[in-house]
Amino acid sequence: VSPPSTCGRLAMGLHLYQSVQEAINEAQRICAADPSSSECKVAWDIVEELGAAESHIMQQDQTQDNKQSMDFVALMGSFDILSQKIDGKMDQLIATCDKFENLGADPSVAELSRLAQEMKRGLAYVNNKLRE
């Protein structure tokens, strides 16, 4: 069996990109109800796996002439996926901290929640700066 043509790999990459975006949307939908649920964790794991597959395909398609440009595009795609996954994980952490606080846990739990919110803001800031 011969490897898929560059055009075939590109089409596969575009399909995976759509799948990653769909998986992100689905993970956000699932996690909106309960960010600390096992379904939410599985949804973000699927996003991560699809992102890794997409990144692998993009790396295979690089040539020496456009390697730097393709590296940046691939890196930004990976960063977007990772940022969205971390954002979802921070939502889970905030929800878990809220539950701990409701149970009367140590006040340090509130600090952890604040730091998770700060991480979300930091990711959004860097994401915007990279696109300028």
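Start by selecting Lys 120 and Asp 87 in this predicted model. Their side chains form a salt bridge, with the closest N and O atoms 2.9 Å apart. The pair links distant parts of the chain: Lys 120 sits in helix α4 (residues 108-130) and Asp 87 in helix α3, 33 residues apart. Is Asp 87 buried, exposed or partly exposed? Its relative accessible area is 27%, so Asp 87 counts as partly exposed. Lys 120, by contrast, is listed among the buried residues of α4.

Stay on α4 and colour the other buried residues of this helix: Val 109, Ser 113, Ala 116, Leu 123 and Asn 127. As you rotate the view, keep one rule in mind: an α-helix has 3.6 residues a turn, so residues three or four places apart point the same way. Next, look at the two ends of the helix. At 1.5 Å a residue, the 23 residues of α4 should span 33 Å, and the end C-alpha atoms are indeed 33 Å apart.

Now select Arg 114 and Glu 118, also in α4. These two lie four residues apart, about one turn of the helix, and form a salt bridge whose closest N and O atoms are 2.8 Å apart. Arg 114 is partly exposed at 36% relative accessible area, and Glu 118 is partly exposed at 40%.

For another link between distant parts of the chain, pick Lys 99 and Asp 34. Their side chains meet in a salt bridge at 3.6 Å, N to O. Lys 99 belongs to helix α3 (residues 67-102), while Asp 34 is in the loop between α1 (6-33) and α2 (38-60), 65 residues away. Both partners count as partly exposed, Lys 99 at 44% and Asp 34 at 30%.

How many salt bridges are there in the model? The count comes to ten. Some share partners: select Asp 45, Glu 48 and Lys 85 to see one network joined this way.

Finish inside the protein. Select Val 20, Ala 23, Ile 24, Ala 27, Cys 31, Cys 40, Ala 43, Trp 44, Val 47 and Ile 81, the ten residues of the largest nonpolar core. Which helix gives the largest share of this core? That is α1, with five residues; α1 and α2 each supply at least two. In soluble globular proteins, nonpolar side chains tend to be buried together.

Last stop: zoom in on Trp 44. Leaving aside residues up to four places away in sequence, Trp 44 touches Ile 24, Ala 27 and Cys 31, among others. Its contacts also include Gln 28, Gln 84, Lys 85, Gly 88, Lys 89 and Gln 92.

Notes:
Residues are numbered from 1 along each chain as its sequence is written. This is a predicted model: local features need pLDDT of at least 70, side-chain atom pairs count only at pLDDT 80 or more; totals for chains, interfaces and linings use all residues. Side-chain values use heavy atoms; hydrogens and water are left out. A salt bridge is a side-chain nitrogen of Lys or Arg within 4 Å of a carboxyl oxygen of Asp or Glu. Buried means under 20% relative accessible area, exposed over 50%, partly exposed in between (1.4 Å probe, protein chains only). The expected span of a helix is 1.5 Å times one less than its number of residues. A nonpolar core is a set of buried Ala, Val, Leu, Ile, Met, Phe, Trp, Tyr and Cys residues joined through side-chain atoms within 4.5 Å. Contact means heavy atoms within 4.5 Å.
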